[in-house]
Amino acid sequence: MTRADFFDQRRLLDLQRADSSLHQLRYRLRQAAERYETDSLDRTAEELRDGLGTFEAQIGDLGRDIDLADRELGGVARRADGCRDEMISGQADSHEMTRLQKELEHLSRREADLEDRKREALERRGKLEKAVDVVTAKLGELDAEKEKREAGHESAVAGYEREVAETQTERDRLAEVIPTALVDLYEQIRAKQAVAAAELRGRRCMACRIEKTTADMKELLDAPLDAVVRCEECGAILLRIEAAGGPAKPGPESELDEFLN
Ligand SMILES: [Zn+2]
């Protein structure tokens with residue numbers, strides 16, 4: 001039967017607590033890393049940028065349409081001026097005057113068509129420019145959201161990493177002051193299961209939660225306090241704290257510190 005000072009045995013519970021915390025913290029750290037995602041933001045931004053590209057191309061096309069309409073309007077105005085000049089010059093005969101009159105009418109219709117086309121293009125361009133403003137603002141919001149998420153993620157991960165480091169230091173400090181043979185036994189058990197040391201609370205092993213029979217209890221309580229006893233069900237080292245007259249729960253941190261110093 002392995003023997004170890006009961007106080008040393010009790011410190012296995014602190015070691016177990018530190019190991020369980022470490023396990024949990026590492027799990028949370030992994031989760032925090034996985035939970036962080038900006039893929040959906042990136043996808044939305046990409047769609048918006050595609051839309052923005054289309055709008056900008058259309059604005060470019062409309063600009064060219066408007067320029068073209070302006071140039072044609074200039075040509076129409078020059079031709080109309082020419083017609084009017086000819087009409088008032090007194091050089092044109094009646095046949096020519098009729099032709100000039102018809103051409104002026106034609107130019108006037110052409111001018112009205114071009115003005116309509118230009119107005120429609122200007123209106124459409126105005127709407128597209130507003131849409132570009134809206135999309136640009138939305139892209140800015142997405143960027144800000146992404147930055148916020150990245151910062152939040154970084155601080156969450158940094159927080160967990162700090163906690164892991166602190167708990168690891170505390171764990172190492174605990175392991176150092178427990179006799180090596182006891183730590184080795186604990187490590188051997190922990191290689192197989194999450195809980196390697198637990199309290200016997202009442203009749204219950206706090207590792208596997210199975211209650212001991214009266215016969216088992218007698219055997220456990222009859223064993224000397226410095227005997228390292230194990231749970232027959234789960235194999236965990238059982239700490240008989242209640243039986244030893246100690247508190248059902250581990251003593252305050254100050255008691256441990258006092259002991260360690
Ligand atoms: Zn057990």
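This is a short conversation about reading a predicted model.

Reader: Where should I start, and what average pLDDT does the protein have?

Author: Start with confidence, since this model is predicted. The protein averages a pLDDT of 91, and 93% of the residues score at least 70.

Reader: Which elements have the lowest and the highest mean pLDDT?

Author: Where pLDDT is low, the predicted coordinates should not be read in detail. Here the lowest mean among the elements, 49, belongs to helix α6 (residues 253-260), while strand β4 (residues 237-239) has the highest, 97.

Reader: Thanks! Into which domains is the protein divided?

Author: A domain may be made of separate stretches of chain, as you can see here: domain 1 takes in 6-19 + 173-260, and domain 2 takes in 35-170. Taken over C-alpha atoms, the centres of the two domains are separated by 75 Å.

Reader: How do I read a UniProt annotation, and what does the one at residues 15-193 say?

Author: Put the record beside the model. The unreviewed UniProt entry annotates residues 15-193 as "domain: CT398-like coiled coil hairpin". In the model that span is 94% helix and 0% strand, with its end C-alpha atoms 14 Å apart. The UniProt record also places a "coiled-coil region" at residues 97-131. That stretch is 100% helix, and its end C-alpha atoms lie 51 Å apart.

Reader: And a single helix? How many residues does α1 have, and which of them are buried?

Author: Compare its reach with the expected span. Helix α1 (residues 6-35) has 30 residues and reaches 44 Å from first C-alpha to last, close to the 44 Å expected. Its buried residues include Q9, L12, L15 and L25.

Definitions and conventions. Residues numbered from 1 in each chain as written. Predicted model: local features only at pLDDT ≥ 70, side-chain atom pairs only at ≥ 80, totals over all residues. UniProt positions renumbered as here; feature names shortened; annotations may be inferred. Helix = DSSP H or I, 4+ residues; strand = E, 2+ residues; numbered from the N terminus. Domains from an automatic or database assignment. Expected span 1.5 Å × (residues − 1). Buried ≥ 20, exposed ≤ 12 C-beta atoms within 10 Å, placed from the backbone. pLDDT = per-residue confidence, 0-100.
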